[in-house]
Amino acid sequence: MKAKHQRLTLALLAVAAIVGAALLALSALRDQAAFFYAPSDVTPQTLPLGKAVRLGGMVEKGSIKRASDGVTIHFRVTDGRATTPVTFTGIAPDLFKEDSGVVAEGEFRPDGSFVATNLLAKHDEKYMPPEVAGKMHETKTLKQ
């Protein structure tokens, strides 16, 4: 076999290996991906039942109800157009409160409600830890 043919064969094998690896990675990610939905994205006909998904929006004001067991929380997530009832059992993040952003990971039930296994509370983008804010204030004073 000529050197030119050997290089061509090696190049084709390398391309085939890269394409095969990419296809394997994509098939693995398809099963692990958690899709993000807003309450208005989901209708009774399009409920993604039996799939791990994320539901995001704002915690509706006045909707947080704590069960007597101390760890179960019932609340509603809204995006301004639709509302979805959510149930979460566990320890909620400190930033979880009414009128704040939340991303709930879990599954939809056939009745349209959502059972969360994890809550991610979103904070204000302007938030700054007090220590950092103090240092910035000192820096501004020194520069002037």
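Trainee: Why is F108 called buried?

Mentor: In this predicted model, F108 has a relative accessible area of 4%, and since buried means under 20%, F108 counts as buried.

Trainee: What makes Y37 and F108 an aromatic pair that is edge-to-face?

Mentor: A search of the whole structure finds three aromatic pairs. In the one formed by Y37 and F108, the rings lie 6.4 Å apart centre to centre, with 85° between the planes; rings pair if their centres lie within 6.5 Å, and planes over 60 degrees apart count as edge-to-face, so both conditions are met.

Trainee: How do you know that the pair links distant parts of the chain?

Mentor: Y37 belongs to strand β1 (residues 35-37) and F108 to strand β6 (residues 101-108), which places the two 71 residues apart. Ring pairs also bring in F114, which is linked with Y37 and F108 into a cluster.

Trainee: What makes F75 and F96 an edge-to-face pair?

Mentor: Their centres are 4.9 Å apart and their planes meet at 65°; the cut-offs are within 6.5 Å for pairing and over 60 degrees for edge-to-face, so F75 and F96 satisfy both. Because F75 lies in strand β4 and F96 in the loop between β5 (83-89) and β6, this pair ties together parts that are 21 residues apart in sequence.

Trainee: Are F75 and F96 buried or exposed?

Mentor: F75 has a relative accessible area of 2% and F96 has 7%; with buried meaning under 20%, F75 is buried, and F96 is buried too.

Trainee: Why is T72 called buried?

Mentor: T72, which is found in strand β4 (residues 72-78), has a relative accessible area of 10%, and because the limit for buried is under 20%, T72 falls into that class.

Trainee: How do you know that the side chain of T72 makes a polar contact with the side chain of T89?

Mentor: The distance between the two side chains is 3.3 Å, and a polar contact requires N or O atoms within 3.5 Å. The side chains of T72 and D69 are likewise joined by a polar contact, this one of 2.7 Å. Leaving aside neighbours within four places in sequence, the residues in contact with T72 include K65, R66, T87 and F88.

Trainee: What makes L26 count as exposed?

Mentor: L26, found in helix α1 (residues 3-32), has 56% relative accessibility, and exposed means over 50%, so L26 is classed as exposed. Together with V15, V19, L23 and L29, L26 makes a nonpolar surface patch of about 500 Å².

Key. Residues are numbered from 1 along each chain as its sequence is written. This is a predicted model: local features need pLDDT of at least 70, side-chain atom pairs count only at pLDDT 80 or more; totals for chains, interfaces and linings use all residues. Side-chain values use heavy atoms; hydrogens and water are left out. Helices (H or I, at least four residues) and strands (E, at least two) are DSSP runs, numbered from the N terminus. Buried means under 20% relative accessible area, exposed over 50%, partly exposed in between (1.4 Å probe, protein chains only). A polar contact is a pair of N or O atoms within 3.5 Å; within protein, one must be able to donate a hydrogen and the other to accept it, and residues adjacent in sequence count only if both atoms are side-chain atoms. Contact means heavy atoms within 4.5 Å. Patches are made of residues with over 30% relative accessible area and no salt bridge: like charges are joined within 9 Å, nonpolar side chains (Val, Leu, Ile, Met, Phe, Trp, Tyr) within 5 Å. Accessible areas come from the Shrake-Rupley method with a 1.4 Å probe; for residues, only the protein chains shown count as cover. A salt bridge is a side-chain nitrogen of Lys or Arg within 4 Å of a carboxyl oxygen of Asp or Glu. Rings of Phe, Tyr and Trp (its six-membered ring) pair if their centres lie within 6.5 Å; planes under 30 degrees apart count as stacked, over 60 as edge-to-face and the rest as tilted.
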